[in-house]
Amino acid sequence: MNRATALPLFAGLMLTACQTPQQLAEHDALLIEPDADTRAEVRAAASTLLGGTPVLLAPDAFTQESRLTLERMPRRSLLDLPLADRARFEPHRLRLVTSGGSCLLRNENSDTAVLLESAHCRVHITKTDDR
């Protein structure tokens, strides 16, 4: 291969490498001193991840554990009796992660994530992470 053909090939490879996004490692995370705005942002992100479904979270959500399982509200009949279809739905599993200095809320069922703009997170090290 001569220089005339090697240079365009090399330039093309470099351009491709620049366009390929690098996957940053994700680590379990906890919220740092969440205020009302942070909790509202997390609640909105959770709702977005669940297709716009309203979400009710405890005030200490994601402050002690990085994972949260959300059960679906049981559907009720017109007579306000529970319908027997609850067992058909898998619970939603949300996980707070940090990646490259950013805090994300991830839906583990669909593997989608929402970037939390104002929330502050720290890495959460569990006993299984120490190995």
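These points go through a predicted model, from the chain as a whole to helix 2, Asn 107 and Gly 101.

1. Overall make-up. The chain holds 2 helices and 6 strands. Read from the N terminus, the order of elements is α-β-α-β-β-β-β-β.

2. Burial and surface. Of the 131 residues in the chain, 29% are buried. The exposed area of the chain comes to about 9,700 Å², and 56% of that is supplied by carbon and sulfur atoms.

3. Contacts along the sequence. Taking the contacts with a separation of 6 or more, 57% are between residues 24 or more positions apart.

4. Helix 2, dimensions. Helix 2 covers residues 36–49, 14 residues in number. From first C-alpha to last, helix 2 reaches 20 Å, close to the 20 Å expected at 1.5 Å a residue.

5. Helix 2, ends. At the N-terminal end, Asp 35 acts as the cap of helix 2: one of its side-chain oxygens is 3.2 Å from the backbone nitrogen of Asp 37. After the helix comes Gly 51, with a positive phi near 75 degrees.

6. Helix 2, buried residues. The buried positions of this helix are Thr 38, Glu 41, Val 42, Ala 45, Ala 46, Ser 47 and Leu 49. Their cover includes strand 1 (27–31), strand 3, strand 4 and strand 5 (112–116).

7. Asn 107, setting. Where does Asn 107 lie? Asn 107 belongs to strand 4, which runs over residues 102–107. Asn 107 has a relative accessible area of 3% and is therefore buried, the cut-off being under 20%.

8. Asn 107, polar contacts. The side chain of Asn 107 reaches two backbone atoms worth checking in the viewer: the oxygen of Leu 49 at 3.2 Å and the nitrogen of Ser 110 at 3.3 Å. Leu 49 is also on the list of buried residues in helix 2.

9. Asn 107, wider contacts. With neighbours within four places in sequence left aside, which residues are in contact with Asn 107? They are Leu 49, Leu 50, Arg 93, Leu 94 and Thr 112. Leu 49 falls in helix 2 (36–49), Arg 93 and Leu 94 fall in strand 3 (92–99), and Thr 112 falls in strand 5 (112–116).

10. Gly 101. Is Gly 101 buried or exposed? Gly 101 is placed in the loop between strand 3 and strand 4. Its relative accessible area is 77%, so Gly 101 counts as exposed, the cut-off being over 50%. Gly 101 and Glu 26 stand 75 residues apart in sequence, while their C-alpha atoms are 9.9 Å apart in space.

Terms used. Residues are numbered from 1 along each chain as its sequence is written. This is a predicted model: local features need pLDDT of at least 70, side-chain atom pairs count only at pLDDT 80 or more; totals for chains, interfaces and linings use all residues. Side-chain values use heavy atoms; hydrogens and water are left out. Helices (H or I, at least four residues) and strands (E, at least two) are DSSP runs, numbered from the N terminus. Buried means under 20% relative accessible area, exposed over 50%, partly exposed in between (1.4 Å probe, protein chains only). A polar contact is a pair of N or O atoms within 3.5 Å; within protein, one must be able to donate a hydrogen and the other to accept it, and residues adjacent in sequence count only if both atoms are side-chain atoms. Contact means heavy atoms within 4.5 Å. The expected span of a helix is 1.5 Å times one less than its number of residues. Accessible areas come from the Shrake-Rupley method with a 1.4 Å probe; for residues, only the protein chains shown count as cover.
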